[in-house]
Structures are given as structure tokens and as C-alpha cells.
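Please read the points below beside the coordinates, as a colleague's notes on how the chain is put together. They go from one pair of strands outwards to the sheet, the cores and a few single residues.

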Amino acid sequence: MNIFFNLRGTIVRQVAEDRAVAEAVMSPPRRSSSSHGDRPSTETLQKNNSSNSGVILDISALKMAEVDTEVPPLPPRYRFRDLLLGDQTFQNDDRVQVEFYVNENTFKERLKLFFIKNQRSSLRIRLFNFSLKILTCALYILRVSLDNPKDLMDNSWDLIFWVDRRKSVWAIQVTVALISFLETMLLTYLSYKGNIWEQMFQISFILEMINTVPFIITIFWPPLRNIFVPVFLNCWLAKGALENMINDFHRAIQRTHSAMFNQVFILICTLLCLVFTGACGIQHLERAGKHLTLFDSFYFCIVTFSTVGYGDVTPQIWPSQLLVVILICVALVVLPLQFEELAYLWMESQKLGGNYSRHRAQTEKHVVLCVSSLKIDLLMDFLNEFYAHPRLQDYYVVILCPTEIDIQVRRILQIPLWSQRVIYLQGSALKDQDLMRAKMDDAEACFILSSRNEVDRTAADHQTILRAWAAKDFAPNCPLYVQILKPENKFHVKFADHVVCEEEFKYAMLALNCVCPATSTLVTLLVHTSRGQEGQLSPEQWQRTYGRCSGNEVYHIRLCDSKFFGEYDGKSFTYASFHAHKKYGVCLIGVKREDNKSILLNPGPRHIMAAPDTCYYINITKEENSAFIFKQEEKHNKGLPVTGLYDAPSRLPVHSIIASMGTVAIDLQNPDPPEESSKLSLPTENGAGSRRPSIAPVLEIADSSAILPCDLLSDQSEDETNQSDEEGSVGSDFVKGYPPNSPYIGSSPTLCHLLPHKAPFCCLRLDKGCTHNSFEDAKAYGFKNKLIIVSAETAGNGLYNFIVPLRAYYRPRKELNPIVLLLDYPPDNHFLEAICCFPMVYFMAGTIDNLDNLLQCGIIYADNLVVVDKESTMSAEEDYMADAKTIVNVQTMFRLFPSLSIITELTHPSNMRFMQFRAKDCYSLALSKLEKIERDKGSNLAFMFRLPFAAGRVFSISMLDTLLYQSFVKDYMIAIARLLLGLDTTPGSGYLCAMKITEEDLWIRTYGRLFQKLCSSSAEIPIGIYRTESHMFSTSESQVSVNVEQGMEHRERGESWKEKTAHRNSTTSDQSEHPLLRKKSMQWARRLSRKNVKPSSRAERISQQRLNLYRRSERQELSELVKNRMKHLGLPTVGYDEMNDHQNTLSYVLINPPPDTMLELNDIVYIIRSDPLAHMPDDAQVGSARCTKNQQDFGTETRDETHL
């Protein structure tokens, strides 16, 4: 709004004159006062006002007046009460009435507002204009159809200038022309911007004048009524009006139209106008020649523009031929430009992706995937896991990514399997327009993933948080599944339905790998969807068993709807878990009450199952896809004798999968076991002698005085009963409590072993002494247990989750391993404040590529070394090269310290094939071929047969992406994974731990009997086995490959695999029966011993020494290198001499094996132990004695202590 003040004053120099001028401005001209004699007269003000439409204020005069004098204060009469009273208070005051107005008040601006600026009114005007142009074209066609050129004139050339126009047609055309002329002149006047020639030479204005002025002239000059006017040129004006009308329409309804549609529409209109202009022009010019009809001209134009050119209809005179030439030239110029613009827009639209229509969103189900950058591995992991569930086959995936689609991703999305179900949209989740394109408000779910390959992971989290906020703001009812990298950023997306913090899961999993071997492999297999058919064509028995058990997943069902657990209503949880496993081969691991939202893992025997309870179990498939076949009924029908459950080795057909139907046939051996089966007979020693007591039965209702939550192999009561044995030890003064300082918001409180008083920061430094102690290396501390070393780049908040599971209250004090943090950069005080309350936690500045740092932090006294992927190396020019430095460093440590268990985190799972790489290892090459075979079959777990992954030595956090994807179907998976890893501690819920099978435990024989023993004695639930076998690796690649191929052929024929099992030996306690890697060195030593018998001269001895140095093995060279560095650092070399090479073994995980699986020596059993605090008896001493008694029944494990 432009405000004009119409006052003109004179610059004055005196203060009195300035004040008089200011008062003159405020006084109205109609009033006068004797006190203001120096004020300008009213006539002067009116004269000044008459020359201006408003009020003009002399700014310079006022500024000078403000500089020369100060503004006096308002008199007392200007009070707030007076302002409220109105004009009656100011009757004696002089005022000037100022009128405020805007430019739109003028007649021209109002017309411009109606015809141009207003969207709806201008849309109506253009619609009316378009109708007029179409009407003129229709009138021209009507005039042509009524015209008969043969009856007009003898001179044929006059037919071009004169036509036969009916009077009624003329009247209508004149009326339309007059309206169009007036409208054109009005719009030209309103759009005038100072250059009249620019307006007059516009093509649209010239065409309007050509089509309207002749008709207006015929009103005043009747002889010209039959003059020819090219009215058909109005089609071009109609085209422009239609384009403007569509633009106004989209502006009016506040919607954006597709540029692709607009360009296609323009191209079609251009072609129609060219054809219509050519047809009308040729028909009119041929009036003087061949007398073509309008249809013949139209036919000729279509044939000509389509480049067919039949030649049956052609123009005869030169004007029409010239018009054809002009039209072709115009088409050659205009059409290629239109096609080029269309092609450009099509290419741009391909970069931006497609569009998901509102109709499809309302009739179909879809989910939205929001990512910063889309890589091929991320896409395939999501699609394979998402579409692995049968009920998600009809869902569509809409990908919303701000970057241009990658070439590899484009090729994948062009595959028919994905092209019909995956839609890629280039756009930002922060823009409502892009969220509208993806139809976020109609989506079933929205997955927001972070870019873990970014150099700044905090910045990547910030982007994820903004995307989550934008999605929640746009679609509040859409479920959100968010992936966060840093734990300190998790509370910003607490509103999301499901959140997975990468560093929380990563560090907790790596920590459990140190106390429960291959926990990472166990959890990864559980959260991946598989049918358990991987490796079934392999000649190796361990690969078939391992692949079959990998198909086990976690499912849920209500107790009242279950056939697995329905009969255990009113029974204890332990009773239901054992008998369900014995009868159906399923492992019941948790339960959730109807009135409680928390999931309880192994709530113990005191939990009584109820009908509304939700049961969580591990099985090869869910119960709804299982077919029940009662073995007892089949035997009665066939006349076979009925046997008990353990009378003979039996194979539960849990693993016989009907892949095509997705159904598992479960054979029920004996639904009603005989009474004798409660007492299991035990094998005799050496064929004779007395029998040991049999395993106690699992009671329906647990006796609280008989079952206590204690470990079978380690005495948890040692913390209370063996205080005298721990006097003087480090752990004698530990207390249990909650950590006082949490490094970030949102960490779950966990009861831990803590120090009575916080340790000073100087005492946390391992390699430097302080005033409190003088220890400068790991040996000086005299730790009883082996170390756990963690190599990381920085001490992030996620590292706190590595310490908490290893210091949890349920870990016995004698089994607490010292933790050494080997950090590239020293930690800050905030992190030290969080860890100073934990016992035996130290840090040291150093890197794993420095041998001195490794030796100083006590690597020769360590049992596990955890190598965390560094943030600075996660991004590289070549994506898969991000792990290069980590792999080479780990390979070096693998050569230097062969007996050390190294757990490595990699960025890309495909790089795990380079871990513990041996160029001439033919067995690894055979595994590589097996991996390719499984990948070609479409397996999601093709990498599972790699020995480092199967043994739990390598892990990639991207493997846990499927945990977030599975939560869409199984909303309980994140909660169960957090409970297993110790990230959450729910009262009454158990925790994951492990026990080792020793020689004293082999009398149990089978996994099913072990299940009964654990349930009856300590109420523990086993869920799997970690098995280690000695293996003689093949020395010929061709031999292994032939075995694989032959095995596949015989598998197809249905033959037995026992004869084709390649070079497998049973597990023994002595790992030195097959010293393959030292075979050549031993032969070389024997040859040397034979040669040394003969006397030799001095030259021969020198030559022999040189030969010995040349033939010295790589192992000896590395050993001498390490010893020399240890001597240089002042460290003893005794511990390094005891390190052995166990590279001829392989390890793997068996999840929920069948009950008749035979136990082997050194098997490690994963068990879910019930919460000790939930069933703590009142008398701790009585409980300790009972726990000790239960332990003696099963045998104890003495942990190897490393005295430094």
C-alpha cells in the first residue's frame, strides 16, 4: 500500500519557525486560531494540495529540524484516557485529515485485478476467450461447407479473395470479431508497460487484428462483406488461450501439474494447429484450381506430415504449393524444438523418478523408504527381507531419495521382479510436495534409514531426525521405523514406533561375542528370513546341519490359539518350554501377559501360563504353516510296535520343509509319553559299574525350594560364600548398583558390578603410572582373567554399551575380564566420568597397526580382541575399499598372534571373505563357490558359510538392517533383540549366557536330555549350540570342486551323503593331531637332523646356517619379531611362547537343533537364564547351598586363569 502525504514546507533555520511549520501540518485548514499567527495560511495549504493527489512530506526539512531541536514532550492532555474518549476530547485541537488508499482503487488497477491478477476471474476470462476462438473456427468450417465456388465468378483467381458468406453467418462472425477486438484492446491497455510497439508487434496481437478488423470494416462498407478473412488462424490463438487456461486452473486449485504432461499437450496442440491451418489454407487456395474439399485437404496434410506421401491428392496451383512448402518449413523448425523439449523433460523425469497416484495409494498398499543415498546393497537387503514374507507380496515400495538414481540401482529396478513393485522418486522428505508425491499420508509405514557411509555420522543423524520430524508432521498416523547411528540422538526420535540405534546394537553384540562366542552370528541368523535350505546340496555334513538350523526364526502366537502350547495352560513356563521342544521341536523362549506390554524372556518356573498369554518361540516356521502328523497313529495303522520317545535314535521331521507350500510337516513321536520316560537311563562307564542318577523330570508347577536360578557350570554364589577366598583380590570390594553417570539420554538402567568409589581419571590410563599406582603395562596389574581389548577410533557414547553387558550383575565376579580400550584419540572427561565407576576398565592411546601399542596393552594376555570399524575409513572413493585398512591390520595380527580370538567389524559384509585370507587354501575357494551357488538361488544368507562369519569372528552392522525391516511384520523383534543383548533389563526377564560341555557332561549325550537337565535343575532354556570341529582342509582345489559337483549329482538321485563327506574328523581335546601348517617345517627339521649326523667343515657349517636362515618358516620369523619388541619394551616373553596355532578348526552355530542331536566335547550351549533377582529367596545362605548342590550334580567348570 502506497501512502502519500501531501504537505510541503519550507526549510527554516530558526527553531520557532520549525515548530510553527510542524504545528501547521497538524492543524486542519478549516480552523484558525489567533495564537498561531506565524502558521501558513489555509489558502497556501490548499494551493499546495491542489497540485498533488496525496500528501508529500519534505523529508530533508524534517530531518534538519530534528537535528536542530529536540521534540518537546506531549502536553498533559494527551493521555490514554483521552485517546479512548474519541473526538470530543480533541475538539480544541487542530488536525489534518489524511486519506489512505492503494493503487487498486483506480479503475485500471481494478480491471487488471479482475482480468489478469485474480486467478479465478482470469480463468473465466480465458475460458470465454477460448470459446470464442473455437466458435470462429467452427463458423469458418460452416462457411466453407455452405460455399460453392463454381457459382461465383468466371475468373478463378478472384475466388481466392472473395467467398460466398451467408448473411446470418456474417452477422455472427462480425459479433464475435467485435467482442474479440474489444477484449484484445482492453488487455493490451491493461498490460501496457511503456512500450506500445512491443505490444503491437506481438504475434497474438497481429493475428487478432487480421481476424477482427476486416469484419468490423464490413459493418461500415457493405461491399466488403464477402471478402475472404483467414479466420482459421484463430486456432493458434485458441492454443495459447488453452495453455494459459490450464496454468490458471492449476494455480486456482493450488496444485502443480506435470511439466511432462504440459509439454506433451503443447506438442499435440501444435500438430493439430499445423494440420488445421494447412487443411483450411490448401482448401481455400485450391478454390482457384482443383476445387478440393476440406476433407481432401485434411487427408493430404495428414499424409504429408506423416511422410507417407501417397500422391493421390496434390495441390495444383502455385499458391497452394507455396503454402505447403511454408508449412513443411515451419514444421521442420517447430516440431523438432518441441520434440527436443519433450525428450529433455522425459530424461529429467526419469532422473526424478515416477509418481505414485492418489488412486493407487487408496486402492493399493505401499510403504515409503526414505534414504539419503541409495546403494545397491542397501536396496537388495531391504527388498529381499521385505518381500520374504508371504503377506507382503502385494505391497508396493516407494523410494524417496534426494539424489539421482544410481546406474546399478536403475538396472535392478528394471528387472520385472521389481519394476512392477518398486517406484523410485527423487525428492526430499522435508518437502511436502515430495511427501505428497510419495503419498506418505496413505502409506502403511515409513522407513527412514541413515547413511552410515558418511564421514560425519552425527550430521547423518541430524538429517535422519529432520526427515522423521517432517514425516510425522505430514502424516501423523503413518508408523515410523527409524534407524539412528549415534545413541545420543535417539531421544529425538522417541516418538517413532520402532527405533534401532546402530551403535547400541553393535557394541552390545561385540561385547557378548567375548563371553558368548558367535553371538553376532546367532542374532544375525535369527533376524534374517530363511527357509533353512541353504547348503543342503553340499557334501559337508556341517554345512547341511548349519544351513538347516539357520532357518529358525522367532515367531509368536497366543496360547489359546496354539496347538504347540495350548495344552500347557496352567502349567509353568519351564514345563511348557521343555515339553514343547520334546514333542514338537520348538523352543519357547518368552511370554507376554495380556495386561503387560513387556516381553519376558524365560520368566522362570514360577510363571504360570495362561490362555491370553502371547508365546514367543523359535522354530523353522510359524505354527500356522505347520502340518501335524502323529507318528503313533501311523504305527498303529501299519501294525508296527509302539516305542517310547528315547528307545531309539529319532529324527524329528522338523526340518523336512515343503518349499512350494511353505509348510513344515512335524511328526509327533508320542503325544502321550509313558511314565517311564520321566526317568532317563544313563550309559554305564566301560560297559559296567553303577549308574549315575537320572535326570530329574520337569515339574508342571515348580517347587520353589528345589529350583534356584544358578549356573550349572559356574557358581553364582561365589560372590557371597567365597569372600574368604577373595581376600586381597581386586574383586573383593565390588558392589552392585546402577551406574551413576550415563553418557547419553535414553540408556536403559542396568544393575552392574561397580567400584565402591569412583576411580581417579589418572588410574584409568593403563600405560602410565600415577600417584595412586605405578603400573605401566598389563602385566604389572596381575589380572587373574584374560583381557578383552577393544580397538576403536574414538571413545563414543556407544562404547558405553560395550562395557555394561560385561559388567552386568549376573556375571560372576571371578569371571569378570579386564577391559582395555585401545583408542586412536584419548577420550574426553565426559566419557571417563561415565566409565570410572566400573571395575577393571582401562584405556590407552594407540592403534592396532603399531606393534608396541598392542604389546603394551597386553595382547599376549588377551583372550579376545575386538576391532571396531573406524568412522574415518567408512567412506572411500571406491565403496568396498572402506574396509581395506581394517582387513590388512587384522590379517597382520592374525599372523602375529594366531591363537588370539579377533572379532572384527566391517562396513561391507561382502568383504568378510578376505578375513583370515589364505591364497592357497583350497577349502576357502570351495566355500566361495558354494556362496555363489546359494546367491544364484536367491538366498539372503549366501555369506553364512564363510568360516569367519560362521565362527563369529567377523560382523557387519548392515546385517542388522533386517531387524528394522522385520519389525514391520514382527513388531516384537527389536524388543527381543534388546533383551538378548542386554540393552534392556526388564524385571523378571532373563538374559543370554553360555555354558561349555566338558568331559564330565558327555553322559547327557543328546541335546534333548540337556534341555531336560537345564529345565529341571536351574530353569534355564537352551536355544542353540556353538560347535567347534577339527577339520583337515583339502590340499587340492579340484578335489574339493569334484566333491561338490558329485555331491550335487548324488543328492539329486537321492543317494546317501555319508560316503561323500569330505575329510571330516570328530572333535577331540587334542588339536595337534593334524598339524598341517607345520608339516613342511617338520620334514625340513628331520632332513636337517639327518644331515647333521655327518661331520662338516667350517664352510659347510656357514652354508648350512645360511640355508637354515633361508628356510626359516614365516611363523619363526614373526615369533622372533614379536619377542624382540617385547624385550625392547621390557616385557617377558613367557606368555607368547604358549600361544598355539588353531587354524585347522572350524566353528559354526546351530540354532534350536533337534532333540536327538548328539553333544560333543567343547560344545558351547547358548542358554537363556532366568532373572536371579526375580526369584531371590529370603535366606541367601540356604539358596547358596542349594545352588551349590545343583551345580555338583551337573559338574563344574574351572575357568583357566592367566597369571601375568
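1. A convenient place to begin is Leu906, which stands opposite Ser956 in β21. The two strands concerned, β20 (residues 901-906) and β21, pair in the parallel sense over three bridges. Please keep in mind throughout that this is a predicted model, and that the remarks below describe that model.

2. The pair belongs to an open sheet of six strands, whose order is β18-β17-β16-β19-β20-β21 and whose pairing is parallel. At its edges lie β18 (841-845) and β21 (954-956), each of which pairs on one side only. Averaged over the sheet and with direction ignored, neighbouring strands are turned by 20 degrees against each other.

3. Further into that order, β19 and β20 pair in the parallel sense over four bridges, and the bridge partner of Val867 in β20 is Thr904. Strand β16 (residues 787-792) is joined to β19 by five bridges, and these two strands also run parallel; here Ile788 stands opposite Asn864 in β19. Strand β19 (residues 862-867) is mostly covered, with five of its six residues buried.

4. Which residue of the loop between β19 and α31 (884-896) deserves a look? I would pick Lys870, which is found in that loop. Its relative accessible area is 10%, and because buried means under 20%, Lys870 counts as buried. The side chain of Lys870 makes a polar contact of 2.8 Å with the side chain of Asp824. Leaving aside neighbours within four places in sequence, Lys870 is in contact with Glu793 and Asp824. From Lys870 to Ala792 the C-alpha to C-alpha distance is 6.5 Å, although the two residues are 78 residues apart in sequence.

5. As for the protein overall, there are 42 helices and 25 strands, and of its 1204 residues 50% count as buried. Among contacts with a separation of 6 or more, 75% are made by residues 24 or more positions apart. The accessible surface of the protein comes to about 58,900 Å², and 55% of this surface belongs to carbon and sulfur atoms.

6. Which residues have the most contacts inside the largest nonpolar core? They are Phe386, Phe447, Phe565, Phe802, Phe838 and Phe897, in a core of 201 residues. Helix α21 (residues 502-515) gives the most to this core, contributing eight residues. A second, separate core has 27 residues, including Val398, Leu435, Ile448 and Leu480.

7. Phe447 can serve as an example from the largest core, since its contacts can be followed one by one in the model. Leaving aside its neighbours within four places in sequence, Phe447 is in contact with Val367, Val368, Leu369, Cys370, Phe382, Phe386, Tyr481, Leu964, Tyr965 and Phe968.

8. Helix α22 (residues 519-527) is mostly covered, and nine of its nine residues are buried. The buried residues of α22 are Thr519, Ser520, Thr521, Leu522, Val523, Thr524, Leu525, Leu526 and Val527, so that threonine and serine are found among them as well as leucine and valine.

9. Ser372 is found in the loop between β1 (365-370) and α16 (376-386), and with a relative accessible area of 10% this serine is buried. The side chains of Ser372 and Arg467 are joined by a polar contact of 2.9 Å, while a polar contact of 3.5 Å links the side chain of Ser372 to that of Gln463. Apart from neighbours within four places in sequence, Ser372 is in contact with Cys401, Pro402, Thr403, Leu449, Ser451, Gln463 and Arg467.

10. Is Ile1164, in strand β25 (residues 1164-1169), buried or exposed? At 14% relative accessibility Ile1164 counts as buried. Leaving aside its neighbours within four places in sequence, Ile1164 is in contact with Pro517, Ala994, Met995, Lys996, Gly1024, Ile1025 and Tyr1026. Ile1164 and Cys993 are 171 residues apart in sequence, and their C-alpha atoms are 9.9 Å apart in space.

Technical notes: Residues are numbered from 1 along each chain as its sequence is written. This is a predicted model: local features need pLDDT of at least 70, side-chain atom pairs count only at pLDDT 80 or more; totals for chains, interfaces and linings use all residues. Side-chain values use heavy atoms; hydrogens and water are left out. A nonpolar core is a set of buried Ala, Val, Leu, Ile, Met, Phe, Trp, Tyr and Cys residues joined through side-chain atoms within 4.5 Å. Buried means under 20% relative accessible area, exposed over 50%, partly exposed in between (1.4 Å probe, protein chains only). Contact means heavy atoms within 4.5 Å. Two strands pair if DSSP finds at least two bridges between them. Axes are lines fitted to C-alpha atoms, for helices over the stretch in contact, and angles run from 0 to 180 degrees between N-to-C directions. Accessible areas come from the Shrake-Rupley method with a 1.4 Å probe; for residues, only the protein chains shown count as cover. A polar contact is a pair of N or O atoms within 3.5 Å; within protein, one must be able to donate a hydrogen and the other to accept it, and residues adjacent in sequence count only if both atoms are side-chain atoms.
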